[in-house]
Structure formats: C-alpha cells, structure tokens
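Take a walk through the fold below. The route begins at a loop, passes through a strand and a sheet, and ends at a covalent link.

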Amino acid sequence: MTLDPSDPQPGQGFFAFFDESNSRGGYFLLYRWDGSSWGDPLFVLQSDAGGRVASAESLGGGGEGTGTDDYGIDGVGPDGLLAPDDMRDGFWRLCTANAADHACVQFRVDQSAS
C-alpha cells in the first residue's frame with residue numbers, strides 16, 4: 001500500500017493505492033508509535049469506495065470499534081480516506097482492517113512542517 005500524499009496530516013484527505021490483485025474491506029485501522037510498540041488502534045477510517053463518504057472515528061485507545069457495515073473492495077484504488085483531526089505529531093501506521101492479507105504503511109505527522 002502507498003499513500004498520496006505520503007505523509008497525510010490531521011484533517012487532510014488522502015488516497016491509498018494497492019497492488020492490482022488486492023482485495024480488502026472498506027475500513028482501515030490507524031495506530032500511533034509510542035516509542036516501543038504500535039499498541040491498540042486509535043482510529044478507524046472508512047474509505048470512500050462505492051460512493052461512501054470518507055470518515056474517521058476515534059476508538060478511544062481500546063481497539064474496539066462500533067458495529068460497522070463492512071464491504072469489499074478489489075483492485076488498485078485509489079481509496080479516498082480522511083486523516084483524523086486530532087492526530088498528534090509522531091509516527092503512524094495505517095492498516096487494512098478486514099483483509100485476508102493485511103496491507104500496512106507507515107507515515108509521519110509533523111504539524112510544524114505545514
């Protein structure tokens with residue numbers, strides 16, 4: 001998986017691209033590096049695939065989301081996503097939430113660079 005832009009910042013829309021053979025669900029999990037591990041997911045992001053609205057929801061650090069109506073996506077994308085407004089500076093990891101082979105990508109939030 002690759003992102004455009006490669007380092008999305010809080011509140012910014014961005015796109016995820018995949019290998020041609022990729023099958024995934026419409027949801028993604030977002031983790032923050034705490035200095036020693038990725039820990040539990042902090043946010044769940046919904047793709048805009050299939051005419052849906054890209055959105056981000058806080059998981060409150062517990063890793064458990066609310067019930068969602070998952071849907072399948074195939075191909076390269078792009079999947080339009082929205083970075084949560086309340087992301088802090090640091091390193092983040094975005095992973096597909098419901099896929100046989102999870103795809104992940106890491107990026108950096110640095111609000112001083114904006």
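Begin with Gln9, which sits in the loop connecting strand E1 (2-4) and strand E2 (13-17). The model is a predicted one. Is Gln9 buried or exposed? The relative accessible area of Gln9 is 17%. The cut-off for buried is under 20%, so Gln9 counts as buried. Which residues does Gln9 touch, leaving out those up to four places away in sequence? They are Ala83, Arg108, Val109, Asp110 and Gln111. Two of these names, Arg108 and Val109, lead to strand E10, which spans 104-109. That strand returns below.

Next comes Ser23. This residue belongs to strand E3 (residues 23-25). Ser23 has a relative accessible area of 44%. Partly exposed covers the range between the buried limit of 20% and the exposed limit of 50%, so Ser23 is partly exposed. The side chain of Ser23 reaches a polar contact with the side chain of Asp74, at 2.5 Å. Ser23 can also be set against Val76. Along the chain, 53 residues separate the two. In space, their C-alpha atoms are 9.1 Å apart.

Now the sheet. It is open and built from five strands, in the order E6-E5-E4-E9-E10. The pairing is antiparallel. Which strands stand at the edges? They are strand E6 (55-58) and strand E10 (104-109). Each has a single partner strand, so one side of each lacks a neighbour in the sheet. From one strand to the next, the twist averages 25 degrees.

Look within the sheet at one pair. Strand E4 (residues 27-32) and strand E5 (residues 43-46) run antiparallel. How many bridges join them? There are four. Phe28 gives one point to check: its bridge partner in E5 is Leu45.

Last, the covalent link. The structure contains one disulfide. Cys95 and Cys104 form it, with their sulfur atoms 2.0 Å apart. The angle about the S-S bond is 115 degrees, and the link is right-handed. Are its two ends buried or exposed? Cys95 has a relative accessible area of 6%, so it is buried. Cys104 stands at 28% relative accessibility and therefore counts as partly exposed. Residue 104 also brings the route back to the sheet, as edge strand E10 covers 104-109.

Definitions and conventions. Residues are numbered from 1 along each chain as its sequence is written. This is a predicted model: local features need pLDDT of at least 70, side-chain atom pairs count only at pLDDT 80 or more; totals for chains, interfaces and linings use all residues. Side-chain values use heavy atoms; hydrogens and water are left out. Two strands pair if DSSP finds at least two bridges between them. Helices (H or I, at least four residues) and strands (E, at least two) are DSSP runs, numbered from the N terminus. Axes are lines fitted to C-alpha atoms, for helices over the stretch in contact, and angles run from 0 to 180 degrees between N-to-C directions. A disulfide is a pair of cysteine sulfur atoms within 2.5 Å. Buried means under 20% relative accessible area, exposed over 50%, partly exposed in between (1.4 Å probe, protein chains only). Contact means heavy atoms within 4.5 Å. A polar contact is a pair of N or O atoms within 3.5 Å; within protein, one must be able to donate a hydrogen and the other to accept it, and residues adjacent in sequence count only if both atoms are side-chain atoms.
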